[in-house]
Amino acid sequence: MFNIYNQTMYEVRLTKKAAKGIRSLPKNAQETFWTLVHAIEDTGPVQPRFPNYSKLGNFTYHCHLAYHWVACWRNENGSIVVEVYYVGSREDAPY
């Protein structure tokens, strides 16, 4: 049988710092974060439908989860692994 539906799924990995940051988010921002993770898994690191999404560098991205909360991730050399390296306050974001 031939499968005409061939979609690459991305693997999202969290750094320890990002995983710890999720716990500090309010519930609505946590829900938005997990929606973001599922979107990245399905379609990759470029997520322009999220608020204030932008490309930060060659392989790094960010978006707002709520007014005060952001997530930052990287995807180097077009691999299927996307690493979320920061989740937390936009005031402390590493950009």
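A residue counts as buried here when its relative accessible area is under 20%. By that cut-off, glutamine 47 in this predicted model is buried, because its relative accessibility comes to just 3%. The residue sits in the loop that links α2 (27-43) to β2 (54-55). What does the side chain of glutamine 47 find there for its polar atoms? One of them lies 2.7 Å from the backbone oxygen of glycine 44. Beyond the four places on either side in sequence, glutamine 47 also touches Leu36, Ala39, Ile40, Tyr53 and Trp73.

Stepping back to the whole chain, the protein has two helices and five strands, laid out along the sequence as β-α-α-β-β-β-β. The C-alpha trace spans about 50 × 30 × 25 Å along its principal axes. For 95 residues, a compact globule would have a radius of gyration near 12 Å, and the 14 Å found here agrees with that. Buried residues come to 38% of the 95. Counting contacts with a separation of 6 or more, 42% join residues 24 or more positions apart. About 6100 Å² of the protein is exposed, with carbon and sulfur atoms supplying 53% of that area.

Helix α1 (residues 16-23) has two sides to it. Ala18, Gly21 and Ile22 are buried, and they line one face of the helix, since they fall within an arc of 105° when seen down its axis. In general, an α-helix has 3.6 residues a turn, so residues three or four places apart point the same way. On the other side of α1, Lys16, Lys17, Lys20 and Arg23 are exposed. The cover over the buried residues of α1 includes β1 (11-14), α2 and β5 (81-89).

Then there is the nonpolar interior. The largest core holds 20 residues, and those touching the most other members are Phe33, Leu36, Leu65, Trp73 and Val87. At least two residues each come from α1, α2, β3 (60-66), β4 (69-74) and β5, with α2 giving the most, at six. Two of the core's well-connected members, Leu36 and Trp73, are also among the contacts of glutamine 47. As for phenylalanine 33, which residues does it touch once those up to four places away in sequence are set aside? The list runs to Leu14, Ile22, Leu25, Leu65, Ala71, Val84 and Val87; Ile22 is one of the buried residues of α1. Apart from this core lies another, of five residues, including Val70, Cys72, Tyr85 and Ala93.

Key
Residues are numbered from 1 along each chain as its sequence is written. This is a predicted model: local features need pLDDT of at least 70, side-chain atom pairs count only at pLDDT 80 or more; totals for chains, interfaces and linings use all residues. Side-chain values use heavy atoms; hydrogens and water are left out. Helices (H or I, at least four residues) and strands (E, at least two) are DSSP runs, numbered from the N terminus. Buried means under 20% relative accessible area, exposed over 50%, partly exposed in between (1.4 Å probe, protein chains only). A polar contact is a pair of N or O atoms within 3.5 Å; within protein, one must be able to donate a hydrogen and the other to accept it, and residues adjacent in sequence count only if both atoms are side-chain atoms. Contact means heavy atoms within 4.5 Å. The arc is that of the directions from the helix axis to the C-beta atoms. A nonpolar core is a set of buried Ala, Val, Leu, Ile, Met, Phe, Trp, Tyr and Cys residues joined through side-chain atoms within 4.5 Å. The radius of gyration is taken over C-alpha atoms; the globule rule is 2.2 Å times the number of residues to the power 0.38. Accessible areas come from the Shrake-Rupley method with a 1.4 Å probe; for residues, only the protein chains shown count as cover.
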